[in-house]
Amino acid sequence: MDENKILVLSGDGVGPEAVDEVKKIINFFNKKKILNIAIEEELVGGACIDVFKTPIKDATIEKARKSDAVLLGAVGGPK
């Protein structure tokens with residue numbers, strides 16, 4: 001089974017909570033060998049601003065382009 005790559009951008013606010021639940025589902029299917037998905041994570045939104053002083057890094061955009069899919073959590077906090 002080919003491996004698919006998902007870039008996870010949890011976001012801020014309630015985003016990380018929602019995305020954590022989706023990651024549990026992906027991991028369940030991976031464990032049962034129903035899917036073969038590699039998860040890579042990066043920061044976006046207010047979480048990224050806190051660390052890198054920008055809402056998204058150029059490197060994150062490049063990783064998104066190279067991924068099979070992007071899982072984007074909620075963003076839009078006061079930052």
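**Questions and answers on a predicted model**

Student: Does G76 count as buried or exposed?

Tutor: The model is a predicted one, and in it G76 lies in the segment after β3 (69-72). The relative accessibility of G76 is 66%. The cut-off for the exposed class is over 50%, so with 66% G76 counts as exposed.

Student: What distance separates the C-alpha atoms of G76 and D2?

Tutor: Along the chain, G76 and D2 are 74 residues apart. For scale, the C-alpha trace of the protein spans about 40 × 25 × 15 Å along its principal axes. The C-alpha atoms of G76 and D2 are separated by 35 Å.

Student: In what order do the elements of the protein run from the N terminus?

Tutor: The secondary structure comes to 3 helices and 3 strands. Among them are β1 (4-9) and α1 (15-31), β2 (37-42), and α2 (46-52) and α3 (58-66). β3 spans 69-72. Read from the N terminus, the order is β-α-β-α-α-β.

Student: What share of the contacts with a separation of 6 or more comes from residues 24 or more positions apart?

Tutor: One example of residues distant in sequence is I6, which touches A69 and L71, among others. K5 likewise touches residues including S67, D68 and A69. For the whole protein, the share of such contacts from residues 24 or more positions apart is 71%.

Student: Which residues make up the largest nonpolar core?

Tutor: In soluble globular proteins, nonpolar side chains tend to be buried together. Here, buried residues make up 27% of the 79 residues. Both β1 and α1 give two or more residues to the largest core. That core has 5 members: I6, V8, V19, I26 and I37.

Student: Which residues does I6 touch, not counting those up to four places away in sequence?

Tutor: I6 belongs to the largest nonpolar core, as do I26 and I37. Both I26 and I37 are also on the contact list of I6. With neighbours up to four places away left out, the full list is I26, I37, A38, I39, E40, A69 and L71.

Student: How far apart in space are K5 and K63, C-alpha to C-alpha?

Tutor: K5 is found in strand β1 and is partly exposed, with a relative accessible area of 46%. In sequence, K5 and K63 are 58 residues apart. From C-alpha to C-alpha, their distance in space is 9.9 Å.

Student: How far apart in space are E17 and A38, C-alpha to C-alpha?

Tutor: E17 lies in helix α1 and is exposed, with a relative accessible area of 58%. The separation of E17 and A38 in sequence is 21 residues. Their C-alpha distance in space is 20 Å.

Student: Which arrangement describes the ring pair of F28 and F29?

Tutor: The structure holds 1 aromatic pair. The ring centres of F28 and F29 are 5.4 Å apart, and their planes stand at 75°. Planes over 60 degrees apart fall in one class, so the arrangement of F28 and F29 is edge-to-face.

Student: Is F29 buried, partly exposed or exposed?

Tutor: F28 is partly exposed, with a relative accessible area of 44%. The relative accessibility of F29 is 29%. The class between the buried limit of 20% and the exposed limit of 50% applies, so F29 is partly exposed.

Student: Which residues does L35 touch, not counting those up to four places away in sequence?

Tutor: L35 sits in the loop between α1 and β2 and is partly exposed, with a relative accessible area of 33%. L35 and I25 are 10 residues apart in sequence and 11 Å apart in space, C-alpha to C-alpha. Without neighbours up to four places away, the residues touched by L35 are M1, F29 and N30.

Student: What is the approximate phi of K33?

Tutor: Most residues other than glycine have a negative phi. K33 lies in the loop between α1 and β2 and counts as exposed, at 67% relative accessibility. K33 is not a glycine, yet its phi is positive, at about 65°.

Student: Where does K53 lie?

Tutor: K53, a residue other than glycine, has a positive phi near 65°. At 68% relative accessibility, K53 counts as exposed. Its place is the loop between α2 and α3.

Conventions
Residues numbered from 1 in each chain as written. Predicted model: local features only at pLDDT ≥ 70, side-chain atom pairs only at ≥ 80, totals over all residues. Heavy atoms only, no water. Helix = DSSP H or I, 4+ residues; strand = E, 2+ residues; numbered from the N terminus. Buried < 20%, exposed > 50% of the residue type's maximum accessible area, 1.4 Å probe, protein only. Contact = heavy atoms within 4.5 Å. Core = buried A, V, L, I, M, F, W, Y, C linked by side-chain atoms within 4.5 Å. Phe/Tyr/Trp six-rings, centres within 6.5 Å; stacked < 30°, edge-to-face > 60°.
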